[in-house]
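These are my notebook entries on the structure shown below. I set down what I looked up, in the order in which I looked it up.

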Amino acid sequence: MMSLVEIRKSFLVSIWFMFLTFPIMVIRVNTVENIVEWRWNNMIAVGVGSFLLSFVWRYLIRRKEQGVRRQRESAGPRVSIFQRIGEDRRIFLPALTAAALAVVVFPFLVSMYQINIMTTAFMYIMLGLGLNIVVGVAGLLDLGYVAFYAVGAYTYALLNYHFGLNFWVCLPIGAALGALFGILLGFPVLRLRGDYLAIVTLGFGEIIRLILENWNEFSFGPSGISNIPRPGFFGVEFSLLAHTRYIYFLVVLITIFTIFMVNRLQNSRIGRAWLALREDEIACQAMGVDKVRTKLTAFALGATWAGLAGVIFAAKTTFINPASFTLWESINILCIVVLGGMGSIVGVILGALVLVLLPEYLRAFAEYRILTFGCVLVLMMVFRPGGIVSNVRRTYRFEGPDSGDK
Amino acid sequence: MLKIDDINTYYGNIQALKGISLEIGAGEIICLIGANGAGKSTTLMSICGVVPPRTGRIVFEDREIQNLPTNRIVELGIVQVPEGRRIFPYLTVAENLDMGAFLRKDKAAIARDLDYIYDLFPILAKRRHQAGGTLSGGEQQMLAISRALMARPRLLLLDEPSLGLAPLVVKQIFEIIGKINRENNTTIFLVEQNANLALQIAHRGYVMETGRITLTDTAANLLANEDVKKAYLGI
């Protein structure tokens with residue numbers, strides 16, 4: 001029943017497309033032999049292609065609407081696959097073990113190039129989780145997040161260059177400086193929301209980048225800082241491959257630490273205050289939430305992870321310059337959060353993996369890489385606007401005497 | 001309990017309150033009535049520090065509070081139910097209530113208060129795992145009041161609890177406001193346009209006009225006052 005109507009609509013779309021593309025896809029004037037070529041098989045390709053695309057599109061839209069309707073009809077919230085995995089211990093533990101095993105074995109099975117990509121992906125998980133605190137949980141749109149990343153990276157590079165401080169000393173310093181810059185950014189934007197906040201943070205990110213680019217005496221300008229030492233391990237000398245693996249495991253450990261901390265934070269008092277602040281500031285104040293402190297901690301804690309990731313980034317690549325900290329990078333991290341699912345930790349992890357690994361493995365498509373990537377983003381937002389994993393918040397229950405009825 | 005002494009509050013250059021003075025005794029229900037834009041909500045906002053007064057004093061139990069930040073004022077026990085309810089739409093009912101107890105740490109007492117609230121509004125118990133935004137207007141108002149009660153207020157500030165609600169629901173809510181006052185001895189400061197109903201449950205009332213308090217009396221006298229009748233009761 002449905003399919004007949006759909007097929008007819010898709011058929012009309014394909015006819016329309018064939019007509020529209022007729023002049024460019026079918027007719028070709030051959031100027032050498034002075035004849036007009038009619039490439040009819042191109043027209044068939046366009047027709048079949050647009051028919052299929054239109055049909056699939058309609059089918060997906062329809063399914064999505066049906067899904068929404070079904071969800072509305074059934075009283076309880078729909079349980080997603082990810083939620084089920086998270087809640088059912090019998091699936092959750094083996095899945096976690098398998099993932100952990102895969103992460104441990106991975107660097108011994110693949111080439112150095114692959115390990116490096118994976119390390120980058122894990123760093124983006126850290127960045128994504130950090131930004132998730134600010135954007136996903138506290139609802140403050142931050143487009144200058146990469147500035148804190150830059151602060152971390154330059155902290156290590158400069159402290160090492162001038163004072164010879166090693167990686168392990170710089171790691172906490174980078175995190176602390178990140179937090180400090182987070183608070184610095186936080187103060188002027190306390191009153192702002194939404195679009196205004198986005199513009200100010202965007203400006204802040206650009207200021208940091210431009211300072212790094214132009215203050216030659218301080219940051220060595222666009223030529224950057226090279227020969228940054230890799231992190232040491234009790235003075236043991238590594239081969240290049242061993243070092244890559246070492247950094248990989250280091251990043252994995254810090255990522256796990258990040259996941260743990262962010263998870264604790266989200267379910268804490270301050271986490272609830274962030275959630276509430278995102279929804280209604282005035283109501284929040286009426287409940288006695290300290291707006292200033294809550295917002296500043298969101299900025300500071302978000303920036304802390306960017307600082308950490310920055311230090312690791314400098315140590316991993318051994319070379320940094322301002323070109324690594326452009327607006328595009330901020331947007332990329334924001335994409336991770338939005339695509340993965342705002343406020344959801346599992347979502348951000350998946351988002352980071354998809355957004356870092358997809359462009360890498362799409363290299364086969366060469367110049368179509370970014371185009372494909374863009375299409376994937378658009379399709380994602382149409383069909384899963386909540387992200388890969390829509391946020392499942394922990395619900396707080398006080399069990400009263402009559403709570404057995406649920 | 002609360003004494004407001006000649007406060008002047010401004011929004012930018014515009015003066016909204018022109019020398020307001022009023023007094024609220026412990027255990028009272030005080031009602032502030034007046035037309036749109038008279039400054040009723042601003043008075044509430046000044047008390048809880050969202051829009052602090054430029055001059056004048058606000059004394060809560062022998063303590064000047066006009067310069068304290070909002071969260072400190074809430075800690076002292078002055079809790080507001082903001083105009084237009086302002087519940088958290090994406091948090092569940094239970095989480096909304098939990099936010100009300102944000103400043104409290106005594107888990108056992110919180111659980112007890114929660115039971116009390118579910119007794120007071122059985123509908124909220126039924127809806128406790130539903131998102132706040134999916135409730136009806138009346139239920140949202142109940143939730144907003146309950147959320148404020150979860151903070152164990154000593155002085156509850158209610159801003160237009162009847163706004164946009166059906167007459168029957170309004171009546172129900174006013175009954176419960178009276179009940180809260182009787183059962184917990186919670187002092188209530190009520191800002192309301194629905195003067196008739198508000199004066200019926202209040203002990204005393206103040207009438208406000210363009211930033212000034214023009215009249216104050218017991219609720220019964222105000223209900224009988226000819227001017228008030230003409231201006232606010234529509235009789």
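**Entry 1, domains of chain A.** I looked up the separation of the two domains of chain A, and their C-alpha centres lie 42 Å apart. Domain 1 covers 2–70 and domain 2 covers 111–383. I record here that the model is predicted, and that each value below is computed from it.

**Entry 2, make-up of chain A.** I counted 16 helices and two strands in chain A. Of its 406 residues, 35% are buried. I then took the contacts in chain A with a separation of 6 or more, and 75% of them join residues 24 or more positions apart.

**Entry 3, two helices of domain 2.** How do the axes of helix 5 and helix 14 of chain A cross? I find that helix 5 (residues 112–137) and helix 14 (residues 327–340) come within 9 Å, with a crossing angle of roughly 70 degrees. Since angles of 65 to 115 degrees count as roughly perpendicular, the two helices are therefore roughly perpendicular to each other. From helix 5 of chain A, I list Tyr124(A), Leu127(A), Gly128(A), Leu131(A), Asn132(A), Val135(A) and Gly136(A) in the contact. Helix 14 of chain A brings Ile333(A), Leu334(A), Ile336(A), Val337(A) and Gly340(A). Sorted by class, this contact holds eight nonpolar and four polar residues, and no charged ones.

**Entry 4, chain A against chain B.** I next examined the contact of the two chains, to which chain A gives 22 residues and chain B gives 31 residues. On the side of chain A, helix 11 (269–279) and helix 12 (281–286) each supply at least two residues. Which helix gives the most to that side? Helix 11 of chain A does, with five residues. I classed the residues of the side of chain A as eleven nonpolar, seven charged and four polar.

**Entry 5, the largest nonpolar core.** The largest nonpolar core has 158 residues, and I find Tyr149(A), Leu157(B) and Leu190(B) touching the most other members. Helix 13 of chain A (residues 291–317) provides the largest share of this core, at 14 residues. I followed Leu190(B) further, leaving out residues up to four places away in sequence. Leu190(B) then touches Ile29(B), Ile30(B), Cys31(B), Leu32(B), Leu158(B), Ala198(B) and Ala202(B).

**Entry 6, positive phi.** I looked for positive phi at residues other than glycine. Phe220(A) has a phi of about 65 degrees and is not a glycine. I place Phe220(A) in the loop between helix 9 (216–219) and helix 10 (240–266) of chain A. Is Phe220(A) buried or exposed? It has 19 other C-beta atoms within 10 Å; a buried residue needs 20 or more and an exposed one 12 or fewer, so Phe220(A) is partly exposed.

Arg152(B), likewise not a glycine, has a positive phi of about 50 degrees. I find Arg152(B) in the loop between helix 6 (137–149) and strand 6 (155–159) of chain B. With 18 other C-beta atoms within 10 Å, Arg152(B) is partly exposed.

**Entry 7, Phe218(A).** I also looked up Phe218(A), which belongs to helix 9 of chain A. Its count is 11 other C-beta atoms within 10 Å, so Phe218(A) is exposed. I then took the C-alpha to C-alpha distance from Phe218(A) to Met25(A), which is 56 Å. In sequence, Phe218(A) and Met25(A) are 193 residues apart.

Methods. Residues are numbered from 1 along each chain as its sequence is written. Chains are lettered from A and ligands numbered from 1 in the order in which they are written. This is a predicted model: local features need pLDDT of at least 70, side-chain atom pairs count only at pLDDT 80 or more; totals for chains, interfaces and linings use all residues. Helices (H or I, at least four residues) and strands (E, at least two) are DSSP runs, numbered from the N terminus. Two residues are in contact if their C-beta atoms, placed from the backbone, lie within 7 Å. Ala, Val, Leu, Ile, Met, Phe, Trp, Tyr, Cys and Pro count as nonpolar, Asp, Glu, Lys and Arg as charged, and the others, Gly among them, as polar. Domain bounds come from an automatic or database domain assignment. A nonpolar core is a set of buried Ala, Val, Leu, Ile, Met, Phe, Trp, Tyr and Cys residues joined through C-beta atoms within 7 Å. Axes are lines fitted to C-alpha atoms, for helices over the stretch in contact, and angles run from 0 to 180 degrees between N-to-C directions. Angles under 35 degrees count as roughly parallel, over 145 as roughly antiparallel, 65 to 115 as roughly perpendicular and the rest as oblique.
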